[in-house]
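Biologist: Please pick a single part of this structure and take a close look at it. Then show me how the rest of the chain is arranged around that part.

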Amino acid sequence: MRIHHVGVAVDDLDAAIQLYTTIFGAELTHRASNEKDGLEAAFLRAGDAEVELLKPLREDTPVGKFLTKRGPGLHHIAVAVPDIDQAMADARAAGLELIDAEPRMGMHGTRIAFVHPKSVGGVLTEFVET
Ligand code: CO
């Protein structure tokens, strides 16, 4: 298993970037908005993995609802998989509930899919094809 990134929900993206780059020495590699998901994200390299900082553009989005309900904090972990179709088939065969019925394009330009937190010990889990 390889952790691809950890997703953290924040309400102040600039402050979070500042924290991670100056205190933890992470390197900001990419920042992008996704209107469809109502999300602004910043990606920071942290050794072999990344931190994905997530700020909702609207309250009525998955991350917006998460922030309203739980406040800033750990949102998901992402696991690198070589073949996302196989990973999803294996997860389904094991009885896990997938949020995404089909893989979709992530903000990195690779295919992703989310597994429901109730299937994986309460932690929203993302497959990232690498
Ligand atoms: Co992610």
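**The cobalt site and its surroundings**

Modeller: Let us start with the sequence. The donor residues of the cobalt ion are spaced H-x46-E-x23-H-x49-E. Keep in mind that this is a predicted model.

Now put names to those letters. His5 and His76 each coordinate the cobalt ion through NE2, while Glu52 and Glu126 each use OE. The distances run from 2.0 to 2.4 Å. What kind of arrangement do the 4 donor atoms make around the cobalt ion? It is irregular, because the donor atoms subtend angles of 85 to 162°. A tetrahedral site would need all angles between 85 and 135 degrees. The two glutamates come from separate strands: glutamate 52 is in β4 (residues 49-56) and glutamate 126 is in β8 (residues 125-129). They are 74 residues apart in sequence, so the pair ties together distinct parts of the chain.

Are these two glutamates buried or exposed? Both glutamate 52 and glutamate 126 are buried. Take glutamate 52 as the worked case. Its relative accessibility is 8%, and buried means under 20%, so glutamate 52 counts as buried.

Next, look at the strand that holds glutamate 52. In β4, 7 of the 8 residues are buried, so this strand is largely enclosed by the rest of the structure.

Which strands pair with β4? Start with β1 (residues 3-9), which runs parallel to β4 and is joined to it by 5 bridges. Valine 6 has valine 51 of β4 as its bridge partner. Histidine 5 stands opposite glutamate 50 in β4. Recall that His5 is one of the cobalt donors.

Now turn to β3. Here 8 bridges make the join to β4, and the two strands run antiparallel. One bridge pairs alanine 41 with leucine 54 of β4. β3 and β4 also form a hairpin, with 2 residues between them. Glycine 47 sits in that turn, with a positive phi of about 65°.

Keep going, from β3 to β2. β2 (27-34) and β3 (residues 39-46) pair in the antiparallel sense over 7 bridges. Leucine 28 stands opposite leucine 44 in β3. This is another hairpin, with 4 residues between the strands. In the hairpin of β2 and β3, glycine 38 takes a positive phi near 65°.

Step back to the whole sheet. It is open, has 8 strands and shows mixed pairing. The order is β2-β3-β4-β1-β5-β8-β7-β6. Find β4 and β8 in that list; they hold the two glutamate donors. At the edges stand β2 and β6 (104-105), each with a single partner strand, so one side of each has no neighbour in the sheet.

Now leave the metal and follow the chain to a loop. Phenylalanine 24 lies between α1 (13-22) and β2. Its C-alpha atom is 14 Å from that of glutamate 52, and the two residues are 28 apart along the chain. Phenylalanine 24 is exposed, because its relative accessibility is 54%. With Leu19 and Ile23, Phe24 makes a nonpolar surface patch of about 320 Å².

Charged side chains come last. Side chains of opposite charge can pair when their charged atoms come close. The count here is 10 salt bridges. One of them joins aspartate 14 to arginine 31, at 2.9 Å from N to O. This pair links helix α1 to strand β2, with their positions 17 residues apart in sequence. Arginine 31 is partly exposed, at 38% relative accessible area. Asp14 and Arg31 also belong to a network of salt bridges with Glu40.

A second salt bridge joins aspartate 85 and arginine 111, at 2.8 Å. Aspartate 85 is in helix α3 (residues 84-93) and arginine 111 is in β7 (residues 111-115), so this pair ties together parts 26 residues apart. Aspartate 85 counts as partly exposed, at 40%. Arginine 111 is partly exposed too, at 26%.

A third joins lysine 118 and glutamate 97, at 3.0 Å. Each sits in a loop: lysine 118 between β7 and β8, glutamate 97 between α3 and β6. Lysine 118 is exposed at 62%, whereas glutamate 97 is partly exposed at 34%.

Definitions and conventions:
Residues numbered from 1 in each chain as written. Predicted model: local features only at pLDDT ≥ 70, side-chain atom pairs only at ≥ 80, totals over all residues. Heavy atoms only, no water. Patch = residues over 30% accessible without salt bridge, like charges linked within 9 Å, V, L, I, M, F, W, Y side chains within 5 Å. Areas by Shrake-Rupley, 256 points an atom, 1.4 Å probe, with all protein chains shown as cover. Salt bridge = Lys/Arg side-chain N within 4 Å of Asp/Glu carboxyl O. Buried < 20%, exposed > 50% of the residue type's maximum accessible area, 1.4 Å probe, protein only. Donors = N, O, S within 2.8 Å, 3.2 Å for Na, K, Ca; no water. Tetrahedral: all angles 85-135°; square planar, octahedral: opposite > 155°, others 65-115°. Pairing = 2+ DSSP bridges.
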